[in-house]
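User: I should like to take a close look at one part of this protein and then see how the rest is arranged around it. Please explain each term as it arises.

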Amino acid sequence: MSDYVTLSIESEVSKKIRQLVDPSVALTFVPANINDDSLDAENFSYHSSIIGIRKLYSEKGLKFQFPNSDDAQNTLHLHSADWIAPAIFVTTLYVSQYPDAVSLALSIVANYASELFGNDKESKCQLTIYVETETGKSRQVDFNGPPDALGDVQKLVREISKNG
């Protein structure tokens with residue numbers, strides 16, 4: 001594992017996502033405030049990067065869904081030197097059925113962030129992917145680093161999909 005990636009066990013996000021959608025049919029965008037139990041699904045918010053990423057995913061034919069509706073209605077605009085990508089939830093079933101989908105999703109994020117940063121080598125992107133294993137447990141993969149290191153996340157997602 002690289003210096004940019006951390007891995008932890010996450011259980012609540014999987015339960016919440018499954019209450020709202022079937023995550024085995026598409027990549028699922030995870031709201032930034034999904035762990036706020038006081039909110040209902042209509043009040044979920046997404047990082048503002050969702051706007052550009054959603055458009056690029058659509059253009060590339062990548063299937064995705066939102067747990068609260070067909071769209072990200074509420075966006076968060078954070079002031080940071082780092083760029084925060086929308087969090088994604090995938091199941092091992094989805095990864096096995098569509099092995100290139102996660103690779104394509106991460107490539108889109110990496111290209112988008114690289115274009116956004118230009119020649120600025122100091123800027124970093126942040127990304128969280130939740131991977132639900134066949135046992136129903138979820139692993140949380142957090143990335144905080146340069147866009148060109150996102151390949152490390154892809155390798156880890158594949159490893160989790162194979163080994164749990």
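In which loop is the place of Y98?

Analyst: The model is predicted, so local features need pLDDT of at least 70 and side-chain atom pairs count only at pLDDT 80 or more, while totals for chains, interfaces and linings use all residues. Residues are numbered from 1 along each chain as its sequence is written, and side-chain values use heavy atoms, with hydrogens and water left out.

Y98 is found in the loop between α3 (92-97) and α4. Helices (H or I, at least four residues) and strands (E, at least two) are DSSP runs, numbered from the N terminus. Y98 is partly exposed because its relative accessible area is 38%; buried means under 20%, exposed over 50%, and partly exposed in between, with a 1.4 Å probe and protein chains only. Between the C-alpha atoms of Y98 and E134 there are 16 Å, and the two residues are 36 residues apart along the chain.

Helix α4 covers residues 99-117 and gives the most to the largest nonpolar core, with nine residues. That core has 46 residues. A nonpolar core is a set of buried Ala, Val, Leu, Ile, Met, Phe, Trp, Tyr and Cys residues joined through side-chain atoms within 4.5 Å. Among the residues with the most contacts inside this core are L27, V90 and I129. Contact means heavy atoms within 4.5 Å. Leaving aside neighbours within four places in sequence, V90 is in contact with L27, V95, V102, I129, Y130, V131 and E132.

A second residue to examine is W83, which lies in strand β6 (residues 83-84). W83 is buried, as its relative accessible area is 9%. Not counting residues up to four places away in sequence, W83 touches ten residues' worth of surroundings that include V109, Y112, A113, L116 and F117. W83 and N144 are 61 residues apart in sequence, and their C-alpha atoms are 9.5 Å apart in space.

Turning to the whole protein, its secondary structure comes to five helices and nine strands. In order from the N terminus, the elements run β-α-β-β-α-β-β-β-β-α-α-β-β-α. Of the 164 residues, 48% are buried. Among contacts with a separation of 6 or more, 71% are between residues 24 or more positions apart. The C-alpha atoms fill a box of roughly 40 × 35 × 30 Å, taken along the principal axes.
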